[in-house]
Amino acid sequence: YRKPLKGKEEMFNKNKSHNYAQVGYDSDNDLDDFQDDFIQRQVNQQQLELKRQDEGLEMLSESANRLGTLSLGIHEELNSQNMMLDDMEDELDKATTNLDIVTQKTKELIKKSGGKRNFLLILSMSIVVVILLLLIIYT
């Protein structure tokens with residue numbers, strides 16, 4: 001058995017004619033606002049990330065263009081050096097051919113002049129003459 005509380009009962013019974021408005025949380029509107037804010041932040045972050053990616057791609061594009069220009073310059077330089085090497089090879093071939101001709105003619109001249117024996121004799125006499133000239137000059 002409960003004892004009735006007079007103070008509370010009287011208070012509730014006395015004020016029955018008052019209209020009370022609901023105070024509090026309008027969860028639907030606040031939730032919608034929160035979701036809209038969240039979506040807007042996400043969109044802003046994605047736009048910022050896209051901007052960063054675009055800047056990175058722009059820098060990458062500029063680097064690729066520089067590399068392309070450098071590679072074209074290197075290609076032209078290599079072609080030029082290959083042409084110079086080809087010219088040098090042709091000149092070397094001509095010089096080798098000329099040296100072979102001179103060597104062959106020298107061999108023929110040695111044979112006509114009496115062979116190696118006469119050549120060695122002439123060479124040794126030339127050396128003796130040079131030594132005698134040096135002795136005369138320094139004495």
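How many helices and strands make up the secondary structure of the protein chain? There are three helices and zero strands, so reading from the N terminus you simply get α-α-α.

Keep in mind that this is a predicted model. The protein chain averages a pLDDT of 82, with 79% of its residues at 70 or more. That confidence isn't spread evenly: helix α1 (residues 6-14) sits lowest with a mean of 51, while α2 is highest with 91.

As for burial, just 1% of the 139 residues in the protein chain count as buried. The accessible surface adds up to about 13,900 Å², and carbon and sulfur atoms account for 60% of that.

Now for the charges. The salt-bridge count is one: Arg52 and Glu49 pair up through their side chains, 3.7 Å from N to O. Both partners belong to helix α2 and are three residues apart, which is about one turn of the helix.

There's also a patch of negative charge on the surface, formed by Asp86, Asp87, Glu89, Asp90, Glu91 and Asp93. One of these, Glu89, is part of helix α2 (residues 27-112).

Here is how three of the charged residues compare in accessibility:

| Residue | Relative accessible area | Class |
|---|---|---|
| Glu49 | 37% | partly exposed |
| Glu89 | 46% | partly exposed |
| Arg52 | 48% | partly exposed |

Why is Glu89 classed as partly exposed? Its relative accessible area is 46%, and the class covers values between the 20% limit for buried and the 50% limit for exposed. Arg52, at 48%, is partly exposed as well.

Key:
Residues are numbered from 1 along each chain as its sequence is written. This is a predicted model: local features need pLDDT of at least 70, side-chain atom pairs count only at pLDDT 80 or more; totals for chains, interfaces and linings use all residues. Side-chain values use heavy atoms; hydrogens and water are left out. Patches are made of residues with over 30% relative accessible area and no salt bridge: like charges are joined within 9 Å, nonpolar side chains (Val, Leu, Ile, Met, Phe, Trp, Tyr) within 5 Å. Accessible areas come from the Shrake-Rupley method with a 1.4 Å probe; for residues, only the protein chains shown count as cover. A salt bridge is a side-chain nitrogen of Lys or Arg within 4 Å of a carboxyl oxygen of Asp or Glu. Lys and Arg count as positive and Asp and Glu as negative; His and the chain ends are not counted. The place of a charge is taken as NZ of Lys, CZ of Arg, CG of Asp or CD of Glu. Helices (H or I, at least four residues) and strands (E, at least two) are DSSP runs, numbered from the N terminus. Buried means under 20% relative accessible area, exposed over 50%, partly exposed in between (1.4 Å probe, protein chains only). pLDDT is the predictor's confidence in each residue, from 0 to 100.
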